[in-house]
Amino acid sequence: MKIAITARHMELTPPLREHIERKLRKVGKYSTRLVKAHFILSVEKHRHIAEVVISGARHIFKRKEEAGDMYSAIDKAMDKIEVQVQ
């Protein structure tokens, strides 16, 4: 799966990248037809926003979540996408 990560108003750290890849592997086990994933991570004052777009052979899964920290925002978005993929 091809992964693109865009970080706005923040620095993308290696542990954050690894967290994203770990979550994608979990979702990827449900479907082998997922082709591309694009994460847009941004920080606005105290809001951490994670927007996820995963493209498959026939479907596109989108989710945008916000939380107090970036890891929680990514977890919330990926949990909901996991349900959509199933």
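How many residues lie between β3 and β4 in the hairpin that they form? In this predicted model, β3 and β4 are joined as a hairpin with three residues between them. The two strands pair in the antiparallel sense, over eight bridges. Within this pairing, E51 stands opposite K64 of β4. The C-alpha atoms of V53 and R63 are 6.7 Å apart, although ten residues separate the two along the chain.

The hairpin belongs to an open sheet of four strands, arranged in the order β1-β2-β3-β4 with mixed pairing. β1 (2–8) and β4 are the edge strands, each of which pairs on one side only. Direction ignored, neighbouring strands of the sheet are turned by 10 degrees against each other on average. β3 also pairs with β2, in the antiparallel sense and over ten bridges. In that pairing, S42 stands opposite I49 of β3.

The contacts of V53, a residue of strand β3, involve residues on either side of it in the sheet order, given that β3 stands between β2 and β4. With neighbours within four places in sequence left aside, V53 is in contact with K36, A37 and H38, and also with I60, F61 and K62. I54 has contacts with L24, L34, K36, A37, H59, I60, F61, M78 and I81, where residues up to four places away in sequence are again not counted.

Two helices are placed against the strands. α1 packs on the sheet and touches β1, β2 and β3. The direction of α1 makes about 140 degrees with that of β2. α2 lies across β2, β3 and β4, and runs at about 150 degrees to β4.

Helix α2 comprises 16 residues (residues 70–85), and at 1.5 Å a residue it should span 22 Å. The C-alpha atoms at its ends are 22 Å apart, in agreement with that expectation. The buried residues of α2 are M70, A73, I74, A77, M78, I81, E82 and V85. Viewed down the helix axis, these buried residues fall within an arc of 165 degrees, and therefore line one face of α2. An α-helix has 3.6 residues a turn, so residues three or four places apart point the same way. The buried residues of α2 pack against α1 (14–28), β2 (34–44), β3 (47–56) and β4 (60–67).

Is E82, a residue of helix α2, buried or exposed? E82 has a relative accessible area of 10% and is therefore buried, the cut-off for burial being under 20%. Not counting residues up to four places away in sequence, E82 touches K26, V27 and Y30.

The largest nonpolar core contains 22 residues, of which F39, L41, I54, I74 and M78 touch the most other members. Two or more residues of this core come from each of α1, β2, β3, β4 and α2. The greatest contribution is that of α2, which gives seven residues. In soluble globular proteins, nonpolar side chains tend to be buried together. Two of the core residues named above, I74 and M78, are also among the buried residues of α2. I54 and M78, both listed among the core members with the most contacts to other members, touch each other.

Terms used
Residues numbered from 1 in each chain as written. Predicted model: local features only at pLDDT ≥ 70, side-chain atom pairs only at ≥ 80, totals over all residues. Heavy atoms only, no water. Expected span 1.5 Å × (residues − 1). Buried < 20%, exposed > 50% of the residue type's maximum accessible area, 1.4 Å probe, protein only. Arc of directions from axis to C-beta. Contact = heavy atoms within 4.5 Å. Core = buried A, V, L, I, M, F, W, Y, C linked by side-chain atoms within 4.5 Å. Pairing = 2+ DSSP bridges. Axes fitted to C-alpha atoms, helices over the stretch in contact; angles between N-to-C directions.
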